[in-house]
Amino acid sequence: MALPSVLTHGLRLPVVASPLFIISHPALTLAQCRAGVVGSFPALNARPESQLDAWLAEITETLAAHDAAHPDRPAAPYAVNQIVHKSNRRLERDLELCVKYKVPIVISSLGAVPEVNAAIHSYGGIVLHDVTTLRHAHSAVSKGADGLIAVAAGAGGHAGTLSPFALVQEIRQWFAGPLLLAGAIATGGGILAAQAMGADLAYVGSPFIATIEARASEAYKQAIVSGSAADIVYSDYFTGVSGNYLKASILAAGLNPEALPAGKARMDFEEATSGAKAWKDIWGCGQGIGAVDAVVPVKSLVDRLEREYHAARSRLLA
């Protein structure tokens, strides 16, 4: 099945930059789009709630101005992540703003809701739903999602435990629509490997935390630069949903990463973004960070990924 044009227009690489909880904001999203990958941010990152309107206006106007000034190299589109979980009391209002600005791509997480999909479809947008299991994938498609994001083992933040080989293979046995793969993808070779497995695009997150434009502390960025897969801890303690986190931030919070309780925290993403919860300082991160060796501008990161992607293709063709 051919990809929707919104997933190919303006892309230098088959990459969607994943929405980074607390970290993503307009400066990062716009830099990603101008660099030639789909930029994104979680709606809940806009604080106070009224700020989302301003963010969407800024992104829409800035990308339109870029395209008018550079008709030969238009920017990639952007996406907004909506947490479709009962703790998100802002969902209805945030969804209305997505409709108002005709957000081209909405990424839905932690719940598949037909009404959310219908709202985005009303103006021609598409919905990508992130899943960690085959059951979640079937549910999302049955409720109207246009595409799936297979969040496999090794992905930053909330992640599944299935091998990307198994998860993509089983989804592709019945689903021919847009499929993205997340899970420790931090090189151009990893992007190509995702396509070789059957995904259409790679979903890349952690490397973008270590960029100039990211709204992360310098300590967070440097922990990624100096870290490796061995520095990632998988636990459901912080939000009630299993995910991958940097060991250094867990230690800094006075916790023992080797002996975390199971599922103790109550998930409330709205409060987490406001700083009311301890896990605001627990840093989500994927296992692919061994490929990140410096804090760089977004464009430099995308340039590296593009070089590596084409080099990997050349190696295989040779």
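## Exercises: salt bridges, packing and burial

Searching the whole structure turns up ten salt bridges. Keep in mind that this is a predicted model. Let's work through some of these pairs, then move on to packing and burial.

**Exercise 1. Find out which parts of the chain the salt bridge between Asp53 and Lys100 ties together.**

Solution. Start with the pair itself: the side chains of Asp53 and Lys100 form a salt bridge, with N to O at 3.1 Å. Now place each partner. Asp53 sits in helix H2 (residues 51–69) and Lys100 in helix H3 (residues 91–100), so the bridge ties together parts that are 47 residues apart in sequence.

**Exercise 2. Work out how H2 and H3 pack, and name the residues that make the contact.**

Solution. Take the geometry to begin with. The axes of H2 and H3 are 10 Å apart, and the packing angle is about 20°. Angles under 35 degrees count as roughly parallel, so H2 is roughly parallel to H3. As for handedness, the crossing of H2 past H3 is right-handed. Last, the residues: H2 brings Leu52, Asp53 and Leu56 to the contact, while H3 brings Arg93, Asp94, Leu97, Cys98 and Lys100. Notice that Asp53 and Lys100, the salt-bridged pair, are both on that list.

**Exercise 3. Describe the salt bridges Arg93–Glu96 and Lys299–Asp303, with the spacing of each pair along its helix.**

Solution. Arg93 and Glu96 go as follows. Their closest N and O atoms are 3.4 Å apart. Both residues belong to helix H3 and are three residues apart, about one turn of the helix. For the surroundings, look at accessibility: Arg93 has 40% and is partly exposed, and Glu96 is partly exposed too, at 41%.

Next, Lys299 and Asp303. Here the closest N and O atoms are 3.0 Å apart. The two are four residues apart in helix H12 (residues 298–317), so about one helical turn separates them. Lys299 is exposed, with a relative accessible area of 52%. This pair has company as well: a network of salt bridges links Arg12, Lys299, Asp303 and Glu306.

**Exercise 4. Locate the nonpolar cores and say which element gives the most to the largest one.**

Solution. A bit of background: in soluble globular proteins, nonpolar side chains tend to be buried together. In this model, the largest nonpolar core has 51 residues, and Ile171, Phe208, Ile224 and Leu246 have the most contacts inside it. The element giving the most to this core is H12, with six residues. There's also a second, separate core of 27 residues, which includes Leu56, Leu91, Tyr123 and Val127. Leu56 is a residue we've already met in the H2–H3 contact.

Now zoom in on Leu246. Skipping neighbours within four places in sequence, its contacts are Tyr220, Ala223, Ile224, Asp231, Ile232, Trp283, Cys285 and Ile289.

**Exercise 5. Decide how enclosed helix H1 (residues 26–35) is, and by what.**

Solution. Count burial to begin with: eight of the ten residues of H1 are buried, so the rest of the structure largely encloses the helix. The buried ones are Pro26, Leu28, Thr29, Leu30, Ala31, Gln32, Cys33 and Ala35. Then ask what covers them: the cover includes strand E1 (15–17), E2, H2, strand E3 (78–83), helix H8 (206–209) and H12. To finish, check the end of the helix, where Gly36 comes just after H1 with a positive phi of about 105°.

For a close-up of E2, try Ser40, which lies in that strand (residues 39–42). Ser40 has a relative accessible area of 0% and is buried. Leaving out residues up to four places away in sequence, Ser40 touches Ala17, Ser18, Pro19, Ser24, Thr29, Gln32, Ala79 and Ile107. Thr29 and Gln32 are among the buried residues of H1.

**Exercise 6. Say which residues of helix H7 (residues 188–197) are buried and what they pack against.**

Solution. Gly188, Gly190, Ile191, Leu192 and Ala194 are the buried residues. They pack against E1, strand E8 (179–182), strand E9 (201–204) and H12. After H7 comes Gly198, with a positive phi near 125°.

**Exercise 7. Place Pro297 and list its contacts.**

Solution. Pro297 is in the loop between helix H11 (269–273) and H12. With a relative accessible area of 36%, Pro297 is partly exposed. Setting aside neighbours within four places in sequence, Pro297 contacts Thr211, Ile212 and Glu213.

Note on methods
Residues numbered from 1 in each chain as written. Predicted model: local features only at pLDDT ≥ 70, side-chain atom pairs only at ≥ 80, totals over all residues. Heavy atoms only, no water. Buried < 20%, exposed > 50% of the residue type's maximum accessible area, 1.4 Å probe, protein only. Contact = heavy atoms within 4.5 Å. Salt bridge = Lys/Arg side-chain N within 4 Å of Asp/Glu carboxyl O. Core = buried A, V, L, I, M, F, W, Y, C linked by side-chain atoms within 4.5 Å. Axes fitted to C-alpha atoms, helices over the stretch in contact; angles between N-to-C directions. Parallel < 35°, antiparallel > 145°, perpendicular 65-115°, else oblique. Left-handed = near helix turned anticlockwise from the far one by under 90°.
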